[in-house]
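Please open the structure in your viewer and keep the selection panel at hand. The tour goes from one selection to the next and says what is found at each stop.

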There are 4 protein chains.
Amino acid sequence: MPKDTFINLPIEKQEKVMRSAINEFIKNGFEKANVGNIANIAGIAKGSIYQYFENKKELFLYSVKWSIDLLLNKFGKNLVLHDKEMDIFDFFYHTSKNSMEQIREEREITIFIQDVFLGKYDNLTNESMSYITNISEEYLLNIINVGKENGSVRKDIDDHLLILFITGVSFKIKEYLMNKARNQGEDIIDEDYEQYEKEINALIELLKHGMGGK
Amino acid sequence: MPKDTFINLPIEKQEKVMRSAINEFIKNGFEKANVGNIANIAGIAKGSIYQYFENKKELFLYSVKWSIDLLLNKFGKNLVLHDKEMDIFDFFYHTSKNSMEQIREEREITIFIQDVFLGKYDNLTNESMSYITNISEEYLLNIINVGKENGSVRKDIDDHLLILFITGVSFKIKEYLMNKARNQGEDIIDEDYEQYEKEINALIELLKHGMGGK
Amino acid sequence: MPKDTFINLPIEKQEKVMRSAINEFIKNGFEKANVGNIANIAGIAKGSIYQYFENKKELFLYSVKWSIDLLLNKFGKNLVLHDKEMDIFDFFYHTSKNSMEQIREEREITIFIQDVFLGKYDNLTNESMSYITNISEEYLLNIINVGKENGSVRKDIDDHLLILFITGVSFKIKEYLMNKARNQGEDIIDEDYEQYEKEINALIELLKHGMGGK
Amino acid sequence: MPKDTFINLPIEKQEKVMRSAINEFIKNGFEKANVGNIANIAGIAKGSIYQYFENKKELFLYSVKWSIDLLLNKFGKNLVLHDKEMDIFDFFYHTSKNSMEQIREEREITIFIQDVFLGKYDNLTNESMSYITNISEEYLLNIINVGKENGSVRKDIDDHLLILFITGVSFKIKEYLMNKARNQGEDIIDEDYEQYEKEINALIELLKHGMGGK
DNA sequence: GATGAATGAGGCTTCATTCAT
DNA sequence: GATGAATGAAGCCTCATTCAT
């Protein structure tokens, strides 16, 4: 969706532009994001942005795509459930740790994408992004089915609702991690991580056995 | 927070202004929300808005407060856990039904408030709204403690994480209902409600016993 | 076509705006005409222009209408052929003198309208202005028919071609006068007018009897 | 006026560039004419335009010159009055037919040049083009004098006014033909031409004997 | 207090021209 | 000499806020 001019740029320069845009978007939202700022921080001329993208909206949309691609490339390999016999809660544990890494290494981008998924920028993404939701639903569906087959997931509940349940909880986990990330800036120390791990394990326990007494 | 001029207005006129503002905000977001539109639809002059509120931001902030107050007045009584012996999952069931009613009767306002809580409008609400989160956390904390005392909630999990767990799931439920509301417009029929009720019960079952197999 | 805000303005202010716009358009053409300049010279804020008109194009289009209306009001009475027995060449003589007056008293506006008719601004006026051409053609048609009836115009030539002939010559006359006006600025002296009158009479003679020898 | 780089180009390439420029100018006028478009359609790089011409204005000015030269080369031979005894109205007839051919064979360029003469592009051509008017005035002057000498033109009217009269009418004829050309596109059929010829003869008759009755 | 016109800062976008390859 | 990406000035338009009635 960007013009060839952008595609032909050296990858590093593309990256600089995208990161600058993403930063501006998470700081100011779409409307107040300033194309001039984006250009300045990327170290290019304002006009150049328009040689790369049709307009601000396209720049935004591509920022989303670029972010998702980057996250998938960098962290996506861990998201595949290889072992059909694996307890899916173990799997959740691994993906959660993966999230932590993601946040540690790509704070801005992870925040940006979470915002997109949370529905800030609604008006912009709704049309073009619904397919993303579909992808992630299918992905979860697959995991649930594996779980149902190998007995780690109860079979009496509709898949659809299980997805709701899982995404609800995992979103909350991510949000929780994210808020810490937003506020703390870069300096998340190891001690924090130990704490997080405990909490994640507790939440997975809740996912598994619920919060009911006795 | 609005000026006295606004407070002195007949309640119906105040309401007209607030609903007009809320509608504009959910349709266009804060930046693109148009003060002129708000005034027109409220049936007043643009200048009057500035006799009532310092500026657009204050109008927004008061829209949030006004919405919360309205929802609490209209639906809040049901949110209080009167009976210390009540199973808190029964309580969840009742509050969920409450949500459904809320959505049916005050679609715009419920959507608006959900958007606020979801973090669209971040930059605007963060400071002033953190107290709201606190309120609702305390509210949940109280329920959890009641549950722990009467045995309907397990005791080995940190309150804090239980809150995360509950809000994650219940948010997802609301979001789910809300999306239907957003798309369907007014016409939610009884048949739909039966369906919703089943789903809510299933989700509460998950909250209670988890999704683990066996 | 302007907004009510403009219509409600005191006539003098409207006039100031229109004359400022017209001046800018004849000086710089449509594309290079600067809305800021127009506002400055009219003594109003740039934004006000947009309270009066949807955009620059509408401002232009209304400038045309306003100019035509003004010219018709101020000079149009003389353009009506009252006496059916009048020799139409006498009538041409009178309208030519009328033109001279027009140019003397409303230089800018006359120049502007001539430019419009000459087809500068084509892209802007074509659609909306074709009706004007029609009006003036019908007007001439009427005069020609009167002439044919009372014998002052030969009957063996198609009306359509007579119109071409007349407009060709009269346009050239106007253009000739206009160029002088453009270059001389305000100071056309009486002596010039005597000269013009002679020339006009000679051209009317040509219209009447042609340039053929013997 | 173009740089040597352009002059050294193969004629066909020069022609491609010029025709592309001319097309853009008649389509969009000078201000909105897009140098990038011109380059694209000419099949060269945008930067190359600036190796050939100092700037857009020079490109425009040379387009005018190139067009006039082309028309003179291709159709100009017929414009010379060889036979001193020729009736100048016969001569007009021939030049009119010549115009028709010109329009048929070089529509764009003829339209472009007519626009230039009509005064669109005023600000650009005024200085540099006044010499062209002079040329064509002298050219007409010569014809008129021949006519006065051989008796085909009356002698009691000032040369200057005769020029006005002739150019007025002949411009109108050309404009008339041109408008048909603009609207019809390429497909002017022979039947049309017969019609045109009749009309031209009638107009020449008017030039000769005028439109006066009796 | 209500009105709605006036204001002007601010931002996106265009595109002629320059520049590096 | 050719290319096409980079540049940045310039201008239209929006709209929150102010002001005069």
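This is a predicted model, and the tour begins inside chain A, at the interface of domain 1 of chain A and domain 2 of chain A, where the rule finds two residue pairs in polar contact, both at pLDDT 80 or more. To bring up the two parts, select residues 1-63 of chain A for domain 1 and residues 80-214 of chain A for domain 2, as the domain assignment gives them. Their C-alpha centres lie 29 Å apart, and the contact between them takes 11 residues from domain 1 of chain A and 12 residues from domain 2 of chain A.

**First stop: the domain interface of chain A**

Select helix H2 (11-32) and helix H5 (56-75) of chain A, each of which supplies at least two residues of the side of domain 1 that touches domain 2. The largest share of that side, seven residues, comes from H2(A), and by class the side has six nonpolar, three polar and two charged residues.

Next, display the side chains of A:Arg19 and A:Glu106, which form a salt bridge with the closest N and O atoms 2.9 Å apart; the count between the two domains is one salt bridge. Domain 1 of chain A and domain 2 of chain A bury about 1000 Å² between them, 74% of it on carbon and sulfur atoms. Add A:Ile26 and A:Phe60 to the display, since, in domain 1 of chain A, these two and A:Arg19 lose the most area to domain 2, together 46% of what that side buries.

**Second stop: DNA strand F**

Now select DNA strand F together with the 31 residues that surround it, of which the closest are A:Gln51, B:Tyr50, C:Ala33, C:Tyr50 and D:Gln51. Of the atoms of DNA strand F that come within 4 Å of the protein, sugar and phosphate account for 67%.

For individual contacts, show the backbone of B:Lys56, where an N or O atom lies 2.9 Å from a phosphate oxygen of DNA strand F, and then the backbone of D:Ala45, where an N or O atom lies 3.4 Å from a phosphate oxygen of DNA strand F. At D:Gly47 the partner is a base nitrogen of DNA strand F, which is 3.1 Å from a polar backbone atom of that residue.

With these contacts in view, select helix H4 (46-52) in chains A, B, C and D, the elements that give two or more residues to the surface near DNA strand F. H4(D) provides the largest share of this surface, five residues, and by class the surface near DNA strand F has 13 nonpolar, 12 polar and six charged residues.

**Third stop: chain C against chain D**

Finally, select chains C and D, whose contact takes 39 residues from chain C and 41 residues from chain D. The two chains bury about 3600 Å² between them, 69% of it on carbon and sulfur atoms. On the chain C side, pick out C:Arg154, C:Phe165 and C:Met211, which supply 21% of the area that chain C buries against chain D, more than any other three residues.

Which side chains meet here in a salt bridge of 2.8 Å, N to O? They are those of C:Asp122 and D:Lys120, and the count between chain C and chain D is four salt bridges. The count of residue pairs in polar contact between these chains, both at pLDDT 80 or more, is 16.

To end the tour, colour helix H2 (11-32), helix H6 (88-105), helix H8 (122-150), helix H9 (159-184) and helix H10 (190-209) of chain C, the elements that give two or more residues to the side touching chain D. H9(C) gives the largest share of that side, 11 residues.

Methods
Residues numbered from 1 in each chain as written. Chains lettered and ligands numbered in written order. Predicted model: local features only at pLDDT ≥ 70, side-chain atom pairs only at ≥ 80, totals over all residues. Heavy atoms only, no water. Domains from an automatic or database assignment. Contact = heavy atoms within 4.5 Å. Buried area = accessible area lost by both parts, 1.4 Å probe. Polar contact = N/O pair within 3.5 Å; in protein donor to acceptor, adjacent residues only side chain to side chain. Helix = DSSP H or I, 4+ residues; strand = E, 2+ residues; numbered from the N terminus. Nonpolar A, V, L, I, M, F, W, Y, C, P; charged D, E, K, R; others polar. Near = heavy atom within 4 Å.
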